[in-house]
Amino acid sequence: MNPLSRRRHLVPTGPSANRNAILHLAILAMITIFAVLAIFVKLIPAKASLKSSSKLLSSKALVSAACPHGEERTWHGGHPVEDRPGSCWCGADEYCMCTPSVAIDIVLYSTSKKDEHSVWVVRRGDTGQLATIGGFVDVGETTENAVLREAEEETGIIIPPERADAAMKLIGVYSDPRRDNRRHIVSVAYALEFQSSSMTTKDGTGVPKGGDDAKEVIVVPLEEIGVKFKGEDWYADHLTILLDFKEQMMAKTTAKAVVREGEIYEDVARARCEGVAEEV
């Protein structure tokens, strides 16, 4: 037999052979489809997990950069020492920082015809303690403008812009993290002389009155600050601010040392100005 005819004889031909070939191709196609689907099923969760992990790492990186010690939600300090919740603030560029709040404190005082000084303080509506006039500085506001705004809101005093520079003098900057129990607050303290001849009040009486969160306005002779009114009578470190002002005012008039008792901390961190008495 011819070898070529023998090979032709061995290879199946006809309709049955075609059906077998189609069946084999169908099986191969199904195996390929299932294999591809299996690969996708495995890849999709892995991709999602990678994306979630990336977001988590990014979030952790932001928190770590803002508050590196893992205490970004708790502030420790103040008086008395107690933990309290808080948070970091983020800008429009998503850059987050834990920073102190900025506030102003005003030692509002007046001078009598006998050159005796009195200080106008407020009684707080929340604690009932005596406090200097003041509040937080608004975003976009200078500390000087905050003084004028808070003086009007808490006492009704309207200070003409042309009189602001002459009437307002810097006492110091108080930045001790322990100074206020609410949070870390840096306060810029100013002395503001109330002059009834050139200033007025919103009600037209010329007498400062409590407003905003102030329960009432009280006049205290400067010499009684730290003597009659001391210790727990005062909110936060306001007694320290007032005693610093008292020392500055008395520096040129008497050699007598100012009695310093009842301050919340004897070593409150601050930077004080000198010579307020001779400038005002």
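Student: In the hairpin of strand 5 and strand 6, which residue takes a positive phi?

Tutor: Asp115 does, with a phi near 65°. Five residues lie between the two strands of that hairpin. Keep in mind that this is a predicted model. The strands themselves, strand 5 (101–111) and strand 6 (117–124), pair in the antiparallel sense over four bridges. One bridge sets Thr111 against His117 in strand 6.

Student: How far should I trust the prediction, and what does the protein chain average in pLDDT?

Tutor: pLDDT is the predictor's confidence in each residue, from 0 to 100. The protein chain averages 75, and 67% of the residues score at least 70. Confidence is highest in strand 10, at 95, and lowest in helix 6 (residues 276–279), at a mean of 46. Over residues 4–9 the pLDDT is below 50, and that stretch has one contact in the model beyond near neighbours in sequence. Residues 46–73 also have a pLDDT below 50; there the model shows 17 contacts beyond near neighbours in sequence.

Student: How many helices and strands does the protein chain have?

Tutor: The protein chain has six helices and 14 strands. Of the contacts between residues at least 6 apart in sequence, 66% join residues at least 24 apart. Buried residues make up 34% of the 280 residues. The chain exposes about 17,500 Å², and carbon and sulfur atoms supply 58% of that area.

Student: Back to strand 5. Which strands pair with strand 5 besides strand 6?

Tutor: To read a strand's place in a sheet, list its partners and the sense of each pairing. Strand 5 pairs with strand 11 in the parallel sense over nine bridges, and Ile104 stands opposite Val188 in strand 11. Strand 5 also pairs with strand 8 (residues 133–136), in the antiparallel sense over four bridges. In that pairing Asp105 stands opposite Gly134. Strand 5 is mostly covered, with eight of its 11 residues buried.

Student: And strand 10: where is the bridge partner of Tyr174 in strand 11?

Tutor: The partner is Ser187. Strand 10 and strand 11 pair in the antiparallel sense over six bridges. Strand 10 also runs antiparallel to strand 14 (residues 270–272), joined by three bridges. Tyr174 takes part there too, with Arg270 as its bridge partner in strand 14.

Student: Why is strand 10 described as largely enclosed by the rest of the structure?

Tutor: Burial is the evidence to use. Five of the seven residues of strand 10 (residues 168–174) are buried, so the strand is largely enclosed by the rest of the structure.

Student: Which residues have the most contacts inside the largest nonpolar core?

Tutor: In soluble globular proteins, nonpolar side chains tend to be buried together. Here the largest nonpolar core has 24 residues, and those with the most contacts inside it are Ile104, Ile106, Leu108, Val147 and Leu192. At least two residues of this core come from each of strand 5, strand 6, helix 3 (143–155), helix 4 (161–167) and strand 11 (185–193). Apart from this core lies another, of 22 residues, among them Ala189, Ile218, Ile225 and Trp234.

Student: What does Val147 touch, leaving out residues up to four places away in sequence?

Tutor: Val147 touches Ile104, Ile106, Met168, Tyr190 and Leu192.

Student: You named Ile218 in the other core. Does Ile218 count as buried or exposed?

Tutor: The cut-off for buried is under 20% relative accessible area. Ile218 has 18% relative accessibility, so Ile218 counts as buried. Ile218 lies in strand 13 (residues 214–221). Not counting residues up to four places away in sequence, Ile218 touches Val119, Trp120, Val121, Arg123 and Leu130. Leu130 is 88 residues from Ile218 along the chain, yet their C-alpha atoms are separated by 8.6 Å.

Student: Now a helix. How many residues of helix 5 are buried?

Tutor: For a helix, look at both span and cover. Helix 5 (residues 238–250) has 13 residues and reaches 18 Å from its first C-alpha to its last, close to the 18 Å expected at 1.5 Å a residue. Of its 13 residues, 11 are buried, so helix 5 is largely enclosed by the rest of the structure. The buried residues include Leu239, Ile241 and Phe245, and also His238, Asp244 and Lys246.

Technical notes
Residues numbered from 1 in each chain as written. Predicted model: local features only at pLDDT ≥ 70, side-chain atom pairs only at ≥ 80, totals over all residues. Heavy atoms only, no water. Core = buried A, V, L, I, M, F, W, Y, C linked by side-chain atoms within 4.5 Å. Buried < 20%, exposed > 50% of the residue type's maximum accessible area, 1.4 Å probe, protein only. Contact = heavy atoms within 4.5 Å. Pairing = 2+ DSSP bridges. Areas by Shrake-Rupley, 256 points an atom, 1.4 Å probe, with all protein chains shown as cover. Expected span 1.5 Å × (residues − 1).
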